[in-house]
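This report goes through a few features of the structure shown below. It takes up salt bridges, then a strand, then a cavity.

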Amino acid sequence: MIPMVSVVVPTYKRYDYLERCLRALLSLEFTPGEYEIIIVDDANSQQTRQQIEEWRQRTQSDGYAIVYVPVEGAPHGPAAARNAGWQQARGELIAFIDDDCIPELNWLKAGVASFSDDVAAVSGKIVVPLQHEYTEYEYSVSQLSQSEFVTANCFYRRSVLQQLDGFDTRFRASWCEDNDLYFTLLEHSLRGIKASDAIVMHPVRPAHWGMSLRLQKKALYDALLFKKHPDLYRKRIQPRPLWNYYCILGVLLLLLASLVLGLWPLALICVAAWLYMTARLCIQRLQKTTRTPRHVLEMILTSALLPPLAVFWRCCGMLRFRVAFL
């Protein structure tokens, strides 16, 4: 029996999250034979292979189809993994979800029901549960609920993915590859709609101290997204360059130059300007987040490092993808 829809789940050595996601996918309010679950293992891990094989043996008698797809050779990354998944799919509709997400029982049914003849893609609703007090990183993750199309919860016709050549595998991290595909969809005058009742829960994973600094490397892919879709990028992602970051970095460079040249009055002015702008950035980041001593200290220290690091990775993106990007 050919399934109506194929659910593609990319994963990379996140066994506990994958276990939780699989349990939820096997509990959906959907006839088992009408959907298949494709687990794409970007790590080609023996442990993941065994994990999926055990689930397959336990559930195949109930009509469930679970397929294990290892990613071998280059390229790697979420975009390449999702391509490997939908290219192996048998269903005409492809549902994408991440391994750290939990679909509601009627998620698949609601997503599939949203398609009509003129609909090429459907975006579901993402819910990010937060505690009463949350960190800046947790707040940033919660903004997924405001995104237009996120691969943690979306549906595409297989024929549309073929027409658009799927995901661009130059996006090697989990960043911008979903926006890129959606922007390409819009540029081809294809229709994407929202399905607010196709709900996926996206719990926030624990984050290391200074996560905001680690995330700056992803600005590489902002440059690629801007190169491919400059107008849509400015309209829907970032209306203007990060002038505050460039100003802070400029003051730092002027401070270094004044110290080398022995221009002490200018150096004092630069120090005052840098402290003011950095303090302002720190206050902005703390506005909607918890004020615990640990978190405040993290915001103070990372606010000093964030602008130069962000500009560095944006410059790397400009050079790597040969685009003028601020």
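## A charged network

Asp168 and Arg170 form a salt bridge, with their closest N and O atoms 2.9 Å apart. The model is a predicted one. Asp168 counts as buried, at 13% relative accessibility, whereas Arg170 is partly exposed, with a relative accessible area of 40%. The two residues also belong to a network of salt bridges that links Asp168, Arg170, Asp180 and Lys228.

## Other salt bridges

The count of salt bridges comes to 13. One of them joins the side chains of Arg90 and Glu36, at 3.3 Å from N to O. This pair links distant parts of the chain: Arg90 lies in the loop between helix H3 (78–88) and E4, Glu36 lies in strand E2 (residues 35–41), and 54 residues separate them. Glu36 is buried, because its relative accessibility of 2% falls under the 20% cut-off. Arg90 is partly exposed, with a relative accessible area of 44%.

Another salt bridge is formed by Arg23 with Glu19, where the closest N and O atoms are 3.6 Å apart. Both residues are in helix H1 (residues 15–25), and they are 4 residues apart, so about one helical turn separates them. Arg23 is partly exposed, with a relative accessible area of 48%.

## Strand E4 and its neighbours

Strand E4 covers residues 93–97, and 5 of its 5 residues are buried, so the rest of the structure largely encloses the strand. Leu93, Ala95 and Ile97 point one way from E4, Ile94 and Phe96 point the other way, and all are buried.

E4 is joined to strand E1 (residues 5–11) by 4 bridges, and these two strands run parallel. With E7, E4 shares 5 bridges, and that pair runs antiparallel. Ile94 of E4 has a partner in each of these strands: Ser6 stands opposite Ile94, and Ile94 stands opposite Tyr156 in E7.

## The cavity

How many cavities of 30 Å³ or more does a search of the whole structure find? The search finds 1. The largest cavity has a volume of about 30 Å³.

Its lining consists of Phe149, Val150, Thr151, Cys154, Tyr156, Phe167, Asp178 and Leu181. Tyr156, which stands opposite Ile94 of E4, is thus also one of the lining residues. Strand E7 (153–157) and helix H7 (177–187) each supply at least two residues of the lining. By type, the lining residues divide into 6 nonpolar, 1 polar and 1 charged.

Terms used. Residues are numbered from 1 along each chain as its sequence is written. This is a predicted model: local features need pLDDT of at least 70, side-chain atom pairs count only at pLDDT 80 or more; totals for chains, interfaces and linings use all residues. Side-chain values use heavy atoms; hydrogens and water are left out. On a 1 Å grid over the protein atoms alone, a cavity is a set of points where a 1.4 Å probe fits but cannot get out, and a pocket is an open set with protein on both sides within 12 Å along at least five of seven lines; lining residues have an atom within 4 Å of a point. Grid points are joined across faces, edges and corners, and a volume is the space filled by probe spheres set on the points. Ala, Val, Leu, Ile, Met, Phe, Trp, Tyr, Cys and Pro count as nonpolar, Asp, Glu, Lys and Arg as charged, and the others, Gly among them, as polar. Buried means under 20% relative accessible area, exposed over 50%, partly exposed in between (1.4 Å probe, protein chains only). Two strands pair if DSSP finds at least two bridges between them. A salt bridge is a side-chain nitrogen of Lys or Arg within 4 Å of a carboxyl oxygen of Asp or Glu.
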